[in-house]
Structures are given as structure tokens and as C-alpha cells.
Amino acid sequence: MGRGKIEIKRIENANSRQVTFSKRRAGLLKKAQELAILCDAEVAVIIFSNTGKLFEFSSAGMKRTLARYNKCLDSSEHIKVEYKAEKQDLKEVDVLKEEIAKLQVKQLRLLGQDLTGLSLKELQLLEQQLNEGLLCVKERKEKLLMEQLEQSRVQEQRAMLENETLRRQVEELRGFFPSTNHSVPAYLEYYSIERKHSLTNNGSASPDVACNCSMEKGDSDTTLHLGLPTDAYRKRKAPEGESQSNDSESQLVLM
């Protein structure tokens, strides 16, 4: 005849509870050992009695089994965290996809496309948005044009100031280097005029005198051209006259 089914609940009798604990503990440790041997499994059992006594069994060492358990527990927790983060990322991706789709539809409507599903009120709101955007664009355009105009004015003023500065520098340089167009001195002009009058008055002179006059005229022209004073010309001509007179006297003596 088989054993009857025992109700699983706390045994109230302390003696019976202790006897049951001892029997079932031994059976549990025996089953753990058999499981480790038969199935080549790493088994560890830890039991604390109601009085605080420790009973344990480990097929591969309790510390090694606990380290392996902690490692597996950490990895499982890490996997759970990664799964939760991935799930959250997927939710964010779905939200972003919905927002992108809405923005694309809005862009098409702003371009005047895909307006079939809009009501009159929505169309009026869209028209208002377009008008406001157009006003903003015009204001920005006018602002840029005014800025460019102001920059052009500033550049023009700078160019005018630079031109004025250069003009002053040129005038200063002209002051340092005066003009080289010198006028002929008055005494040279008087001497040339006097010589011309003497030549015209003595038109019936001898050929020698005419020759001398022409030579003197040429020399005077050369003197005037070179800018030499008349005193230097007369001093230079005096020895030449003396030499010519000496030659004429010697010719007379020989004759």
C-alpha cells in the first residue's frame, strides 16, 4: 500500500519538524550528488537550518561555483539592460520615423502638393503660414541689401580718403623737386640782340670781317646754347684775336 500524499505546509511540532529536516536534507544532498555524477553537472547546494546551521554540497568547489554563478548573473543582468536599451532605441526610432513622415507631408503641402485631404480651414492656415514666410524672406532680403549698400558707401569713403592722401603726397613731392625749365638770363638776350644790330649796320664790311662775324656769331650761339657768360666768351676770344694780329704782322714783315 503506498504512502499517502503529505500536505506541504510548516510542521508545527518542533521534534517532527527537526526529524523531517534531517531526513529531507540528507535526501536532497544525496540527489544533488547523484545528479552531478550521472549527468556530469556542476551542482552546489547551500542549506541553513532554522537554528542557523550551514549545510552545503558542491561538486566542483563552492567558491568556484559561486564565482561562476555571479558571472552568469552579471551577464544576464547586462543582457537584460542591453535588451531594455535596444527596446527603448527602437521606440525612439519609431517616434522619429513618424516625425519625419509628418515633416515630409508638411513640406509637400508648403510646396502646393498633396492638398486633397485638407479642409478649408486648414487651407486658410496654410495660406497664412506661406504669407508670413514670404514676409520674413522679403525682410531678410531687404536687410542684406541695406548691409551691402552700407558696405559700398564705406568702401567709397575709404577710396576717397586714400585718393586725397595720395594727392597730398604728390603735391609734397612736387615741392621738393621744382621745375627744370629755366629762362635765359637777361644779359645774354641783350648781348645777342646787340650783335644782330651791329651785323646789320655793317653789311658792307670786308669778307674777313664777315667771316669773323660769322665765326663770332657761331661762337656766341654756342655760348648761348651752352649757357656760358659773355665775360668768359670775351676772355676766350681775346687771345685768339692777338694771335691773329701777330700772324698778320709777321706776314707783312716777310713781304
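**Reading a predicted model, feature by feature**

Colleague: How many ångströms should the 49 residues of helix H2 span, and what do the end C-alpha atoms show?

Modeller: Counting 1.5 Å a residue, helix H2, which covers residues 62-110, should span 72 Å. Its end C-alpha atoms are 71 Å apart, so the two values agree. Please keep in mind that this is a predicted model. After H2 comes Gly112, which has a positive phi near 85 degrees.

Colleague: Which elements make up the protein chain as a whole, and in what order do they run?

Modeller: The secondary structure comes to six helices and two strands. Read from the N terminus, the order is α-β-β-α-α-α-α-α.

Colleague: How do the strands S1 and S2 run, and how many bridges join them?

Modeller: Strand S1 (residues 44-48) and strand S2 (residues 54-58) run antiparallel, with five bridges between them. Two positions can be followed by eye: Val45 has Phe57 as its bridge partner in S2, and Ala44 stands opposite Ser58. The hairpin has five residues between the strands, and Gly52 in this hairpin takes a positive phi near 100 degrees.

Colleague: Which residues of S1 belong to its covered face, and which to its uncovered one?

Modeller: Val45 and Ile47 form the covered face, whereas Ala44, Ile46 and Phe48 form the uncovered one. To continue from the covered face, look at Leu28, which lies in helix H1. Leu28 touches both Val45 and Ile47, leaving aside residues up to four places away in sequence. Leu28 and Ile47 are 19 residues apart along the chain, and their C-alpha atoms are separated by 9.9 Å.

Colleague: Is Leu28 buried, partly exposed or exposed?

Modeller: A residue is called buried under 20% relative accessible area and exposed over 50%. Leu28 has 44% relative accessibility and therefore counts as partly exposed.

Colleague: Where does Ser49 lie, and is Ser49 buried or exposed?

Modeller: Ser49 is found in the loop between S1 and S2. Its relative accessibility is 11%, so Ser49 counts as buried. Setting aside residues up to four places away in sequence, Ser49 touches Phe21 and Phe55. For the chain in general, 7% of the 255 residues count as buried.

Colleague: What is the sign of phi at Asp40, and is this residue buried or exposed?

Modeller: Asp40 has a positive phi of about 50 degrees, although Asp40 is not a glycine. This residue sits in the loop between helix H1 (14-39) and S1. With a relative accessible area of 72%, Asp40 is exposed.

Colleague: What percentage of contacts join residues at least 24 apart in sequence?

Modeller: One begins with the contacts between residues at least 6 apart in sequence. Among these contacts in the protein chain, 24% join residues at least 24 apart.

Colleague: How does one find empty space in a structure, and what is the volume of the largest pocket?

Modeller: A probe the size of a water molecule is rolled over the atoms, and this shows where empty space is left. In this model, the largest pocket has a volume of about 190 Å³.

Colleague: Which residues line the largest pocket, and how do they divide into nonpolar, polar and charged?

Modeller: The lining consists of Ile6, Glu7, Ile8, Lys9, Arg10, Ile11, Thr20 and Arg24. Of the lining residues, three are nonpolar, one is polar and four are charged.

Key
Residues numbered from 1 in each chain as written. Predicted model: local features only at pLDDT ≥ 70, side-chain atom pairs only at ≥ 80, totals over all residues. Heavy atoms only, no water. 1 Å grid on protein atoms, 1.4 Å probe; cavity = no way out; pocket = protein on both sides within 12 Å on 5 of 7 lines; lining within 4 Å. Points joined across faces, edges and corners; volume = space filled by probe spheres on them. Nonpolar A, V, L, I, M, F, W, Y, C, P; charged D, E, K, R; others polar. Helix = DSSP H or I, 4+ residues; strand = E, 2+ residues; numbered from the N terminus. Expected span 1.5 Å × (residues − 1). Pairing = 2+ DSSP bridges. Buried < 20%, exposed > 50% of the residue type's maximum accessible area, 1.4 Å probe, protein only. Contact = heavy atoms within 4.5 Å.
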